[in-house]
Amino acid sequence: MDYDVVVIGGGAAGLSAALVLARARRRVAVIDAGEPRNAPAAQMHGFLSRDGMRPAHLLAVGRGEVIGYGGDIVRGRVRRIEPGFVVHSGGAPTLTARAVLVTTGLRDELPDIPGVRERWGTDVVHCPYCHGYEVRDAPIGVLGGEERDASMHQVLLVRQWSADVIFFPGRLTPTAEDRERLTARGIRIVDGDVARLVVTDDRLSAVELSDGRLVPRTAVFVAPRFVPHDDLLTDLGCAVDENGWVSTDPAGATSVPGVWAAGNVVNPRAQVITAAGAGSTAAAAINGYLVEDDIARSRRLVRT
């Protein structure tokens, strides 16, 4: 099947882009595997007019809007994109497109501590702006992650929402200055390896250390390692930056003509509203790209 644009990934970025493109009267398809990053979360926050909405409900409404303007929603997982562009996926027909937008997101690589993965998205979270208000004034723990700077930034920020914050550096080694900054911010430090998170009656109740100490906590923040789902982009030869993330211009264009990317696949800090805006911006740029392509095609026909 032939399209002007194939959008790969049906989250906020992909659906926002598809909506703009469909309203621009472009033939657009969204291929989605149905595995959104924020699926474990009961609600999303910080999205004006949609604060508190279930993530699944936002996507369902978005799909309906895209379909209402003539866009197609296809369930499947894209395996590869041939230059040109031919989009191959499992469980879906092969599609061709004049341009592609990749919005496949990322995965959160969590610390290998019992209880973290099981409670992820409920009382174990990572984004203070997304979840901080819901655990305001609670006894909060922050677990040190692989990257010292990211962990320090997170714990200092979390203190904004509660006066009772404890930092568990684990295998991190805070500097003397780090400890001074934490103390000045009113954050306690509990050294020692974290053995597990204790859950009582389906609620987080404590952080257990390897020496057996139990530190009561009802919410825990972690700084996961962000791993982008960018194989489709790198396989096409899209350039990456010094941190290994695919590079884009402000409108989402990659180094490969006709290939755009938006959302968490290229921006680990993008919240739902940020990703939606990036998708909308990319869509306008893609439509402009197609306009120029339309003109070039017409001129070639006139010359022949």
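## Questions on a predicted model

Student: In which loop is the place of R25?

Tutor: In this predicted model, R25 has its place after one helix and ahead of a strand, in the loop between α1 and β2. R25 follows α1, so the stretch to look at, as far as the elements are concerned, is the loop between α1 and β2.

Student: What is the sign of phi at R25, and near what value is it?

Tutor: R25 is a residue other than glycine, and its phi is nevertheless positive. The residue is also exposed, with a relative accessible area of 78%, where exposed means over 50%. The phi value asked for is near 70°.

Student: Is S49 buried or exposed?

Tutor: S49 lies in the loop between β2 and α2, and although it is not a glycine it has a positive phi of about 80°. Its relative accessibility is 59%, and since the cut-off for exposed is over 50%, S49 counts as exposed.

Student: How many of the 12 residues of α1 are buried?

Tutor: The buried residues of α1 are A12, A13, G14, L15, S16, A17, A18, L21 and A22. They pack against β1 (2–8), β2 (28–32), α2, β3, β6 (95–102) and α8. The helix is therefore largely enclosed by the rest of the structure, the number of its buried residues being nine of the 12.

Student: How far apart are the end C-alpha atoms of helix α2, and what should the helix span?

Tutor: Helix α2 takes in residues 55–68, which makes 14 residues, and the expectation rests on 1.5 Å a residue. The span expected on that basis agrees with the distance between the end C-alpha atoms, and both come to 20 Å.

Student: Which residues of α2 are buried, and what arc do they cover around the axis?

Tutor: The buried residues of α2 are P55, L58, L59, G62 and V66. They lie on the same side of α2, because the arc they cover around the axis is only 95°. What covers these residues includes α1 (12–23), β3 (72–75) and α8 (272–303). The arc asked for is 95°.

Student: Which element gives the most residues to the largest nonpolar core?

Tutor: The largest nonpolar core has 25 residues, and V6, I8, I81, V87, L233 and V259 touch the most other members. At least two residues of this core come from each of β1, β2, β4 (77–82), β6, α7 (231–235) and β17 (259–261). The element that gives the most, with four residues, is β6.

Student: Which residues does L233 touch, leaving aside those up to four places away in sequence?

Tutor: L233 is one of the residues that touch the most other members of the largest nonpolar core. Once residues up to four places away in sequence are not counted, the residues it touches are V102, C238, V246, T254, V259, W260, A261 and V265.

Student: How many residues does the second, separate core have?

Tutor: This core is separate from the one just described, and its members include A22, A253, A262 and L290. One of these, A22, is also among the buried residues of α1. The second core has 22 residues.

Student: Which strands stand at the edges of the open sheet of three strands?

Tutor: The order of the sheet is β12-β13-β14, with antiparallel pairing. The edge strands each have a single partner strand, so one side of each is left without a neighbour in the sheet. From one strand to the next the twist averages 30°. The strands at the edges are β12 (194–200) and β14 (214–216).

Student: Which residue in β14 is the bridge partner of A206?

Tutor: Strand β13, which covers residues 203–209, runs antiparallel to β14, and three bridges join the two. In β14, the bridge partner of A206 is P216.

Student: In which sense do β9 and β10 pair, and which residue in β10 is the bridge partner of V142?

Tutor: In strand β9 (residues 140–143), I140 and V142 point one way while G141 and L143 point the other way, and all are buried. The pairing of β9 with strand β10 (residues 165–168) extends over four bridges and is parallel. In β10, the bridge partner of V142 is F167.

Student: What kind of peptide bond joins G84 and F85?

Tutor: F85 is found in the loop between β4 and β5 (86–90). Omega between G84 and F85 is about 15°, and the peptide bond that joins them is cis.

How values were computed
Residues are numbered from 1 along each chain as its sequence is written. This is a predicted model: local features need pLDDT of at least 70, side-chain atom pairs count only at pLDDT 80 or more; totals for chains, interfaces and linings use all residues. Side-chain values use heavy atoms; hydrogens and water are left out. Two strands pair if DSSP finds at least two bridges between them. Axes are lines fitted to C-alpha atoms, for helices over the stretch in contact, and angles run from 0 to 180 degrees between N-to-C directions. The expected span of a helix is 1.5 Å times one less than its number of residues. Buried means under 20% relative accessible area, exposed over 50%, partly exposed in between (1.4 Å probe, protein chains only). The arc is that of the directions from the helix axis to the C-beta atoms. Contact means heavy atoms within 4.5 Å. A nonpolar core is a set of buried Ala, Val, Leu, Ile, Met, Phe, Trp, Tyr and Cys residues joined through side-chain atoms within 4.5 Å.
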